[in-house]
Amino acid sequence: MADFGFFLKNILVVSLAMNIGFIWKISYEQNPLSSSSWGNLPQKLHFYTFGCNGEKNNRKEEEEEEAHVSKNTGVLVSTTTSEIPDGGESVVINLDHGDPTMYERFWRQKGEEMTVVTSGWQHISYFSDVKNVCWFLEPQLVSAVKRLHKVVGNAITEGRHVVVGTGSSQLYQAALFALSPPDAPQPMNVVSAAPFYSLALHFHREDNIEFVSIDDRLLEIRATQMGGDANEFNKDEPYIELVTSPNNPDGTTKQAVGKGDKGILIHDLAYYWPQYTPIITAADYDIMLFTVSKSTGHAGTRIGWALVKDREVAKKMTTFIEINTIGVSKDSQLRAAKILQAVSDSCDRANQKEAAESFFDYSYKHMAERWKKLREAVNKTQLFSLPSFSTETCSFSGRTFGQLPAFAWLKCEGEAVDCESFLRKHKIYTRGGKHFGASTEYTRISMLSRDSEFKLFTERLPAIMS
């Protein structure tokens, strides 16, 4: 019994030490540059609404969004303004990333309907369909992808090979590999019209060839290099042009602008969905990239797909993913398939009496309301401006509206020459124009954060004086 008491005492000491460490971590992450951050510790701990038994206190469903910590910035963000002692002035609002947490509320309403149950013996094999070009692609995901595109009418799937990837970023790399010649004397240029998606800059190397050895096989990585703004590229040689439409970061509709007939196109259509833009026609390109991250909001599922016209290109893209990650998680694929089918089902039931609101109706209304509030906030000050978009009629919904981009391309007017730094002084984190091949007068702001965070942002923005 004495031994047990000694053991229990040790456990309590260890638990106390761990909790002290946790408290210190909260204090440090809230303000890592401040030596006096302990002074506000009671306020910081207030964000963590946990009871003594480790379970969350009961709250209304509308306030059930969790507080979270941004790993990249060490910033603690509260979920409801009422929980913040000073009304939100001390909170850093991180709108740098396009983390699509806006969609949480819709999917919460689905409850257990979206649960995917997997038995321990299922999905053990690497292989899904050996007869398919993309042999690790789950048939259920193929069906869900083709059905959703048919329902929305935003892309042609007939005569296309579907290639699945761990997000569309991996598919972009796979496409570069498939399109770049292995024996080129120099790296192939990759161009995109500015402002262009900043992540594309990180996928190019200066060296000519790199070899990766996996399972005693050698994969020859074709080298590419960023050729800059497609509007200014005038070399008389083959190149790859990435066309992102609607564009990230400015939300505009894009077309290929490269000169001559030596360009090979990759179309990134991650945002070509009816909550962001009117669907005008079904996209019909050689390589089209999509992702569940922005279509349904399930970024953590890490599933993207490519619709590829040429069989050999699809095979080379599959080879890249095979060596890069030995396929793509079957569990994630089946979850994505379930989600996409649910979206299609909600659209099919939309015209029925007493039917629940479809996913795209919900998302469109949410995006429209957010853009309305942001424009109202910007119009209250002379410091900022936003782009305007012409209206078009959406063939999917029948609505006539202008673009409702997932990101706002905000311009700082007047003396503020670095918009990202200017907003950062007011504890609003964004991603500046320099990351997109554009002027520092611009900065990109995510429109996809949780409701409470977006509300705090639209309240703080017009209050900025200088």
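Is helix α11 mostly covered or mostly uncovered, and how many of its 10 residues are buried? In this predicted model, α11 is mostly covered, with 7 of its 10 residues buried.

**Figure 1. Overview of the protein chain in the predicted model.** The chain has 466 residues, and buried residues make up 47% of them. Its secondary structure consists of 11 helices and 19 strands. Among the contacts with a separation of 6 or more, 71% are accounted for by residues 24 or more positions apart.

**Figure 2. Helix α11, residues 451-460.** The buried residues in α11 are S452, E453, F454, L456, F457, T458 and R460. S452 has a relative accessible area of 12% and therefore counts as buried. The C-alpha atom of S452 is separated by 9.7 Å from that of M102, although the two residues are 350 residues apart along the chain. F454, another residue of this helix that is buried, has the charged end of R370 over its ring, 4.7 Å from the ring centre.

**Figure 3. An open sheet of 4 strands.** The strands follow the order β13-β16-β19-β18, and their pairing is antiparallel. Strands β13 (384-385) and β18 (431-432) each have a single partner strand, so they stand at the edges and one side of each has no neighbour in the sheet. Helix α9, residues 359-379, packs on this sheet and touches β13 and β16. The direction of α9 makes about 5 degrees with that of β16.

**Figure 4. The pairing of strands β16 and β19.** Strand β16 covers residues 407-412 and strand β19 covers residues 442-446. The two run antiparallel and are joined by 5 bridges. One residue to look for is A408, whose bridge partner in β19 is I445.

**Figure 5. The disulfide between C412 and C419.** The structure holds 1 disulfide. The sulfur atoms of C412 and C419 are 2.0 Å apart, and both residues are buried. The torsion about their S-S bond is about 65 degrees, so this disulfide is right-handed. Two other cysteines can be located for reference. C134 has a relative accessible area of 0% and is therefore buried. C347 also counts as buried, because its relative accessibility is 13%, and the cut-off for buried is under 20%.

**Figure 6. The aromatic pair of F106 and F359.** The count of aromatic pairs in the structure comes to 22. In the pair shown here, the rings of F106 and F359 are 5.2 Å apart centre to centre, with 75 degrees between the planes, and the arrangement is edge-to-face. F106 lies in helix α3 (residues 104-110) and F359 in helix α9, so that the pair links distant parts of the chain, 253 residues apart. Both F106 and F359 are buried.

**Figure 7. The cluster of rings around this pair.** Ring pairs link F106 and F359 with Y103, W107, W273, F290, W305, F360, Y362 and F396 in a cluster. Helix α9, which carries F359, is also the helix that packs on the sheet of Figure 3.

**Figure 8. A charged residue over the ring of Y429.** R424 lies over the face of Y429, at 3.8 Å from the ring centre. The view can be set beside that of R370 and F454 in Figure 2, where the distance to the ring centre is 4.7 Å.

Note on methods: Residues numbered from 1 in each chain as written. Predicted model: local features only at pLDDT ≥ 70, side-chain atom pairs only at ≥ 80, totals over all residues. Heavy atoms only, no water. Pairing = 2+ DSSP bridges. Contact = heavy atoms within 4.5 Å. Axes fitted to C-alpha atoms, helices over the stretch in contact; angles between N-to-C directions. Disulfide = S-S within 2.5 Å. Buried < 20%, exposed > 50% of the residue type's maximum accessible area, 1.4 Å probe, protein only. Phe/Tyr/Trp six-rings, centres within 6.5 Å; stacked < 30°, edge-to-face > 60°. Lys NZ or Arg CZ within 6 Å of the ring centre and 35° of its normal.
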